[in-house]
Amino acid sequence: RKAGVSEEVFTEVRELPFDSSRKRMSSIRKTTDGLMVYTKGSPESVLGSATHMRLGTQVVPLTDALRAEFLATHVARAEQAYRNLAYASRSIHQDEAKKGTIDTIESGLILEGLVSMVDPLRETVPDAMRAARAAHIAVNIVTGDFAPTALAIAKKAELVGPDGTLVVISGEELQAMSDDDVVRHVLRGGTIFSRVSPEDK
């Protein structure tokens, strides 16, 4: 609505719910142009399932150069503390819509674009972080956010003091760590666990 896009309501035929392993979800809907798959999720995940991209009114093959440009935009916005969602779509036949697997349905997608949102910090957060440090309380971040987004938020929140060091650990790195290493990072403070699964949270 903010972007001036007209709202249309299409009946949902099937939903492929979000899960933390594929980092996306899809909805199959009846539209005036037939059945369509609409997918949203992390930019890396949606990009990996797309073969084409919409540029204006044209749909073009998703080249390596276009992929790199899209990812660069995603990272640049994340570094400004934006949370990004990628959107994609494609037409689908009725049989595939009813019986197709998640992998087949979420393939050959047309990348539609990137939506970036800001969830501003409360003004009191930096003061709270300074108070926590003064009380020798170690504070960390555990989030599903993309690492550059989480890092930008940690800096704005003043998770560590001017002389402190922020450490970013991805969900994949966390999976490979021993419990002792996890505890060491947690007790140290200033650690950002990013793209973490709900189970690991």
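Which residue of β2 does Arg 14 stand opposite? In this predicted model, the residue facing Arg 14 is Ile 28. The pair belongs to the antiparallel arrangement of strand β1 (residues 12-19) with β2, which is built on five bridges. These two strands make a hairpin with four residues between them, and Lys 23, located in the turn, adopts a positive phi of about 60 degrees.

From this hairpin it is a short step to the sheet as a whole. Seven strands form an open sheet with mixed pairing, and reading across it gives the order β1-β2-β3-β6-β7-β4-β5. Because β1 and β5 stand at the edges and have a single partner strand each, one side of each is left without a neighbour in the sheet. On average, and with direction ignored, neighbouring strands of this sheet are turned by 30 degrees against each other. Helix α2 (residues 64-78) packs on the sheet, where it touches β4, β5, β6 and β7. The direction of α2 makes about 15 degrees with that of β7.

Further along the strand order, β6 and β7 pair in the antiparallel sense through seven bridges. One residue to look for here is Ala 88, whose bridge partner in β7 is Leu 111. Strand β4 (residues 50-55) and strand β5 (residues 58-61) are also antiparallel, with four bridges between them. His 52 has Pro 61 of β5 as its bridge partner. The hairpin of β4 and β5 has two residues between the strands, and Gly 56 takes a positive phi near 65 degrees there.

Strand β3 offers a useful residue to follow in Met 36. With a relative accessible area of 15%, Met 36 falls under the 20% limit and therefore counts as buried. Leaving aside residues up to four places away in sequence, Met 36 touches Ser 27, Ile 28, Arg 29 and Thr 31, together with Ser 89, Arg 90, Ser 91 and Ile 92. Ile 28, one of these contacts, is also the residue that stands opposite Arg 14. Leu 55 lies 19 residues from Met 36 along the chain, and the C-alpha atoms of the two are separated by 19 Å.

Attention can now turn to the pockets. The largest pocket has a volume of about 660 Å³. It is lined by 14 residues, of which Tyr 38, Thr 39, Tyr 87, Ala 88 and Glu 112 are the closest to its centre. Ala 88 is thus met again, here in the lining and earlier as the bridge partner of Leu 111. At least two lining residues come from each of β2 (24-31), β3 (34-41), β6 (83-91) and β7 (109-117). The largest share, four residues, is supplied by β3. By class, the lining of the largest pocket comprises six nonpolar, four polar and four charged residues.

The second largest pocket holds about 530 Å³ of space. Among the 28 residues of its lining, those closest to the centre are Phe 18, Lys 23, Gly 144, Asp 145 and Arg 195. Lys 23 will be familiar as the turn residue with positive phi in the hairpin of β1 and β2. Strands β3 and β6, along with α7 (171-176), each contribute at least two residues to the lining of the second largest pocket. The lining of the second largest pocket divides into nine nonpolar, 11 polar and eight charged residues.

Key:
Residues are numbered from 1 along each chain as its sequence is written. This is a predicted model: local features need pLDDT of at least 70, side-chain atom pairs count only at pLDDT 80 or more; totals for chains, interfaces and linings use all residues. Side-chain values use heavy atoms; hydrogens and water are left out. Two strands pair if DSSP finds at least two bridges between them. On a 1 Å grid over the protein atoms alone, a cavity is a set of points where a 1.4 Å probe fits but cannot get out, and a pocket is an open set with protein on both sides within 12 Å along at least five of seven lines; lining residues have an atom within 4 Å of a point. Grid points are joined across faces, edges and corners, and a volume is the space filled by probe spheres set on the points. Ala, Val, Leu, Ile, Met, Phe, Trp, Tyr, Cys and Pro count as nonpolar, Asp, Glu, Lys and Arg as charged, and the others, Gly among them, as polar. Buried means under 20% relative accessible area, exposed over 50%, partly exposed in between (1.4 Å probe, protein chains only). Contact means heavy atoms within 4.5 Å. Axes are lines fitted to C-alpha atoms, for helices over the stretch in contact, and angles run from 0 to 180 degrees between N-to-C directions.
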